[in-house]
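Work through the exercises below with the sequence and the model at hand. Each task is followed by a solution in steps.

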Amino acid sequence: PPLPLWPMLLPMLAALRGTRSALAAPRMASVLPPADYTTAAPATVLPPADYTMAASATVLPPADCAAARMVTPTARSTAQEASTAELEACVYAHDYSCIANGRPFVAPNWLSDDLLTALRADARALRDAGSFVDANEKLGKRVKLSLTERDWCAPGEEAPSEARAVARRLFDTLLVELERVLGRRLSLEEHGAQAKYAIACEGEPLAFHVDQRHEALQSHEEHHGDATRRSLGWLLYLSDDGWDEPGGSGSGGTLLTYPRDDAVGECGVHACGDLQVGWLERGRGSEPVFLDGWAVPHEMRGRSLQELAREAAAHFSDEASLWASLRGQVQPAYQLYCAGPDGSRENVSPVWERPAAHERVPSLREMLEPRWRDGWSSTIASGHPRQRTVAVSPRGGTLVVFDAVAVPHEVTAVLAGERLALFGFIAGERPVPHGWRTEPGRAARRNLPPSWRPEESQGEWYHEGWARDFHHHFRYTR
């Protein structure tokens with residue numbers, strides 16, 4: 001929306017915040033208009049001096065963002081609301097479309113100086129109070145504090161601090177804009193969404209990884225009972241002034257992202273909800289490859305799962321035995337495909353049904369038609385010649401947003417100082433085709449996650465996930 005219309009949008013945004021509850025029951029999404037699938041122009045490698053700004057992101061000059069000033073957290077509520085409106089106007093001053101094409105959005109000076117200072121003080125006050133915990137994870141070591149998804153309260157708080165409340169309202173506004181630009185149904189509250197403070201000290205890197213993988217992969221099968229999942233990753237850096245500058249507050253802790261410089265079309269998730277699992281090189285640029293994890297196996301041809309259950313019910317004494325048997329015998333088949341410029345589907349593999357227990361499970365590369373296998377690479381492959389490095393310094397006030405599936409990344413070790421950030425994930429809807437939905441309480445997992453509430457009209461068939469990406473942990477090779 002044009003900036004002059006901003007005051008008219010405030011009541012609408014408030015209403016949206018009040019109604020942002022659970023996402024609707026899973027559904028098949030409509031295909032995005034052809035205009036949303038435009039070819040991504042090749043991106044140039046950033047010069048070292050500009051490594052905090054992705055060339056694909058449209059970012060206001062620091063002076064323009066700085067003009068949207070906030071009052072201090074102790075100012076009167078009316079003044080705070082007016083100033084927040086000015087700050088939120090900066091959300092609409094940026095172009096976030098690069099995220100859909102698999103590139104990170106990077107905006108220095110996204111926060112006003114006053115809110116940046118208030119968030120720094122808030123995080124350090126919580127750390128000094130002993131609220132942070134040491135997180136020595138596989139990816140690396142950090143000191144973190146998880147905030148509630150609903151309103152970003154810290155543990156033990158009845159309401160968030162004023163600084164976090166303002167930041168959360170700002171992200172509610174950002175969420176609306178991201179939904180409009182990306183054509184996705186997003187949430188800051190449902191399963192997969194997170195918000196955390198993190199502090200990294202000297203010598204603490206994070207390993208190369210992606211934040212979300214397809215549930216069809218065996219390593220991620222436990223997520224198949226969830227109606228939402230990670231869709232976007234975000235970082236809001238809060239480091240002290242002068243980071244990576246001579247005599248500044250610290251250095252290092254650089255975020256290194258590896259987008260494809262020739263990605264074609266929308267990346268990460270297809271309009272129907274299927275996640276990307278790899279890339280295909282066949283003379284058209286890097287084409288995203290999606291995995292349809294709900295193809296119909298031979299047992300279900302012409303029938304839904306519910307109809308199949310009704311036909312088999314006479315052979316079982318109770319429903320528990322019926323569904324236990326069906327779960328072991330009927331699982332979705334898989335198929336790989338690319339998306340055309342108009343969103344149309346081009347299958348690049350045959351339909352693969354779940355192998356029997358004694359059969360070898362093919363890798364994703366082996367699932368492809370033989371003529372395409374040499375051009376395959378996984379979303380998590382490193383060292384691919386089509387990848388470019390976009391490095392982001394953790395300077396305070398910088399916002400980074402990227403697709404959780406399509407953008408592998410890592411973080412270098414902190415060399416000096418204390419890297420401080422507010423980071424997390426935005427959840428996206430995970431649709432399930434109607435043929436695989438069942439009546440409540442029958443096929444859903446016994447221990448239902450929070451996203452599957454009793455009032456929902458339909459649950460999801462428990463998908464066991466058998467696909468394997470054997471080469472995902474290797475450096476890319478032909």
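**Exercise 1. Contacts along the chain**

Task: Among contacts in the protein chain between residues at least 6 apart in sequence, find what share joins residues at least 24 apart.

Solution. Count a contact where heavy atoms lie within 4.5 Å. Among the contacts between residues at least 6 apart in sequence, 78% join residues at least 24 apart. The model is predicted: local features need pLDDT of at least 70, side-chain atom pairs count only at pLDDT 80 or more, and totals for chains, interfaces and linings use all residues. Residues are numbered from 1 along each chain as its sequence is written, and side-chain values use heavy atoms, with hydrogens and water left out.

**Exercise 2. Elements and surface**

Task: State how many helices and strands the protein chain has, and what percentage of its residues count as buried.

Solution. Take helices (H or I, at least four residues) and strands (E, at least two) as DSSP runs, numbered from the N terminus. The protein chain has 8 helices and 21 strands. Next, sort residues by relative accessible area: buried is under 20%, exposed is over 50%, and partly exposed is in between (1.4 Å probe, protein chains only). Of the 478 residues, 55% count as buried. The accessible surface of the chain (Shrake-Rupley method, 1.4 Å probe; for residues, only the protein chains shown count as cover) comes to about 20300 Å², and carbon and sulfur atoms account for 55% of that area.

**Exercise 3. Salt bridges of helix H4**

Task: Which parts of the chain are tied together by the salt bridge of Arg120 and Asp241?

Solution. Side chains of opposite charge can pair when their charged atoms come close. The criterion is a side-chain nitrogen of Lys or Arg within 4 Å of a carboxyl oxygen of Asp or Glu. The whole structure holds 28 such salt bridges.

- Step 1. Arg120 and Asp241 meet at 3.0 Å, N to O. Arg120 is in helix H4 (residues 113-128) and Asp241 in the loop between strand S7 (228-237) and strand S8 (251-252), so the bridge ties together parts 121 residues apart in sequence.
- Step 2. Arg120 is buried at 9% relative accessibility, whereas Asp241 is exposed at 58%.
- Step 3. Arg127 and Glu418 form a salt bridge at 2.5 Å, N to O. Arg127 also belongs to helix H4, and Glu418 to the loop between strand S18 (414-416) and strand S19 (419-429), so this pair ties together parts 291 residues apart in sequence. Arg127 is partly exposed, at 28%.
- Step 4. Both pairs belong to a network of salt bridges that links Arg120, Arg124, Arg127, Asp128, Asp240, Asp241 and Glu418.

**Exercise 4. Aromatic rings**

Task: Is the aromatic pair of Phe208 and Tyr258 stacked, edge-to-face or tilted?

Solution. Rings of Phe, Tyr and Trp (its six-membered ring) pair if their centres lie within 6.5 Å; planes under 30 degrees apart count as stacked, over 60 as edge-to-face and the rest as tilted.

- Step 1. The structure holds 9 aromatic pairs.
- Step 2. For Phe208 and Tyr258 the centres are 5.7 Å apart and the planes are at 45°, so the pair is tilted.
- Step 3. Phe208 is in strand S6 (residues 206-209), and Tyr258 is in the loop between strand S9 (255-257) and strand S10 (276-281). Phe208 is partly exposed at 25%, and Tyr258 is buried at 13%.
- Step 4. Trp110, Trp152, Phe171 and Trp234 form one aromatic cluster.
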